[in-house]
Structures are given as structure tokens and as C-alpha cells.
Amino acid sequence: MAEDQPYPPGARRAKRPAAALPCADCGDLLGRGYPACSSCADAVDALWRPDWQALLAAEGVEPGAEGERELAERVLADEVGRHPWTCTDWALALLTCGQCGSELGAGPLGCVRCTIADTNRWAWDHLGHPGAMTGNEHALRVCRAVLRAPHRQRPTIVQSWQLTMPFLLVGELTTTGQAQRIRAHVLAGRYADLAECASYAAMAGLPELPWRRTS
Ligand SMILES: [Zn+2]
Ligand SMILES: [Zn+2]
């Protein structure tokens, strides 16, 4: 990967799972237990980690050493689009917010420093999409950020993304219309029905319950 290529893509070094299958640890579809279930966390972070490791290698930085933290600070201070978006996310997770003490960008909604850090990360998507980032990759990025800081969102939003993660991992495409239908089902208390679906399209196409029909 050329060092000076603007908006280098992210999450493309690891192979995606071929199908959304149950996690051996938590039993939900793989990815849905992110980040509490370690197997789900590994499956999701497997798309992010290799980009960060490549950056460490390119910079000659030892993982786990103080230099890694410094590199994370440098990545966030660099111009948007200098590094893959996955590296921005990884850098945020490596740093602690000086204001609230949480993972940077993942603290309570009232923390200004976290809100600024979280807002800034999306500049990559605004400027790099669609050329350097697919819709699936953008959705994956949002999904992981929401699941790492669920207290920053309404519960129905969090549940919708939890349901969606396994299908994003295998590369399914999503539309705003589908997301809205899934959210409406979550709002209607149908998480369990949605969790049984074998694809994103099936969740979005879940028939409405007869007594909820208004037309
Ligand atoms: Zn799991
Ligand atoms: Zn904070």
C-alpha cells in the first residue's frame, strides 16, 4: 500500500466469513455478541486489527509499548485520509479520554472530548466515500462504533445494529429503507423474531403482525 495514497481503504486485509453462523461461545450469530463475547469481538476486530498491525510494522513500533500509544495519538492528529479508517478506530480504542476516563470517543454523551473525537472520526467517511469505502464498510464502521458505546444511543438503535452485525461481517449490503423496517420491528418488540432470520434481507422482509396492520 502506497504510503502517500489518500484515503487508503480499510478492513480489506482479512477474509470475510463465508456465512453468518452461530458463535461457538455465545450461540448468537457471530458478531452479535460484540464486544462482550470474546469470539464475537475477535471476529469483528479481525477486520480492523491487520490494518493497525501493518501500520505498526511500517512505523517500526512495538505493539504494547508506549510507542503504540504515541502512534495512536499521531494517527488522530494526522490529516483525515492519511490512514485507513480502521486505524482511526483502533487508535481511539487505544487511548483514554482525559476528561471522562473512558475509551476515547466512547464515554458518556455529556463528555465533550469524547463527542469531539467521535464526531471527527466520521470525516473519513464523508470525504472518502464512495471511492475508498463501500456502503458495507461504512455500515460496519458505524455498527462497531455503536456497539462499543451503546450508552450513546437509544436502545432500539443498539439492538438494530446488534442484529445487523453478523450480516455486515459476511458483506451483505443494507439500505436505509431496510434499516428503517428492521428498527420498526425492534420498536414493536420483535427482537426474538428478527434474531431467527438467516439474512439481513429476511429481517427487513419480516411480515408485520396481523394485528399491527393499519391498512
Ligand atoms: Zn459470540
Ligand atoms: Zn470522554
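## The first zinc site

The zinc ion (ligand 1) is held by four cysteine sulfurs, Cys 23 (SG), Cys 26 (SG), Cys 37 (SG) and Cys 40 (SG), at 2.3 to 2.4 Å. Keep in mind as you look around that this is a predicted model. The angles that the four donor atoms subtend around the zinc ion (ligand 1) run from 104 to 115°, which makes the arrangement tetrahedral. Along the chain, the donor residues of this ion follow the spacing C-x2-C-x10-C-x2-C.

How exposed are two of these cysteines? Cys 23 is buried, with a relative accessible area of 4%, while Cys 26 has 37% relative accessibility and so counts as partly exposed.

## Leu 29, beside the zinc donors in sequence

Leu 29 sits in the segment before helix 1 (38–45). With a relative accessible area of 13%, Leu 29 is buried, because the cut-off for that is under 20%.

Which residues does Leu 29 touch, once its neighbours within four places in sequence are left aside? Its contacts are Ala 20, Leu 21, Pro 22, Cys 23, Cys 40, Pro 166, Phe 167 and Cys 197. Two of those names, Cys 23 and Cys 40, are also donors of the zinc ion (ligand 1). There is a long-range partner to look at as well: the C-alpha atoms of Leu 29 and Ala 198 are separated by 9.1 Å, although these residues are 169 residues apart along the chain.

## The second zinc site

The zinc ion (ligand 2) also has cysteine donors: Cys 97 (SG), Cys 100 (SG), Cys 111 (SG) and Cys 114 (SG), lying 2.3 Å from it. The site of this ion is tetrahedral, with angles of 101 to 117° among its four donor atoms. The donor residues of the zinc ion (ligand 2) are spaced C-x2-C-x10-C-x2-C in sequence.

Cys 100 lies in the loop between helix 4 and helix 5 (112–121), and Cys 114 lies in helix 5, so this pair ties together parts that are 14 residues apart in sequence. As for exposure, Cys 100 counts as partly exposed at 30% relative accessibility, whereas Cys 114 is buried, with a relative accessible area of 0%.

## Helix 3 and its buried face

Helix 3 covers residues 66–77, and its 12 residues should span 16 Å at 1.5 Å a residue; the end C-alpha atoms are 17 Å apart, which agrees. Its buried residues are Glu 68, Leu 71, Ala 72 and Val 75. Seen down the axis of helix 3, the buried residues fall within an arc of 105°, so they line one face of the helix.

Why would residues spread along a helix share a face? An α-helix has 3.6 residues a turn, so residues three or four places apart point the same way. And what do the buried residues of helix 3 pack against? Their partners are helix 2 (49–59) and helix 4 (85–94).

## Two aromatic pairs

The structure holds two aromatic pairs. Tyr 7 and Trp 124 make an edge-to-face pair, 5.1 Å centre to centre and with 80° between the planes. Tyr 7 lies in the segment before helix 1 and Trp 124 in helix 6 (residues 123–128), so the pair ties together parts that are 117 residues apart in sequence. Both Tyr 7 and Trp 124 are buried.

Trp 48 and Trp 85 have ring centres 5.5 Å apart and planes at 90°, so this pair is edge-to-face. Trp 48 lies in the loop between helix 1 and helix 2 and Trp 85 in helix 4, so the pair ties together parts that are 37 residues apart in sequence. Trp 48 and Trp 85 are both buried.

Methods. Residues are numbered from 1 along each chain as its sequence is written. Chains are lettered from A and ligands numbered from 1 in the order in which they are written. This is a predicted model: local features need pLDDT of at least 70, side-chain atom pairs count only at pLDDT 80 or more; totals for chains, interfaces and linings use all residues. Side-chain values use heavy atoms; hydrogens and water are left out. Helices (H or I, at least four residues) and strands (E, at least two) are DSSP runs, numbered from the N terminus. The expected span of a helix is 1.5 Å times one less than its number of residues. Buried means under 20% relative accessible area, exposed over 50%, partly exposed in between (1.4 Å probe, protein chains only). The arc is that of the directions from the helix axis to the C-beta atoms. Contact means heavy atoms within 4.5 Å. Donors are N, O and S atoms within 2.8 Å of the metal (3.2 Å for Na, K and Ca); water is not among the atoms, so sites may look incomplete. Four donors count as tetrahedral if all angles lie between 85 and 135 degrees; four count as square planar and six as octahedral if opposite donors are over 155 degrees apart and all others between 65 and 115; anything else is irregular. Rings of Phe, Tyr and Trp (its six-membered ring) pair if their centres lie within 6.5 Å; planes under 30 degrees apart count as stacked, over 60 as edge-to-face and the rest as tilted.
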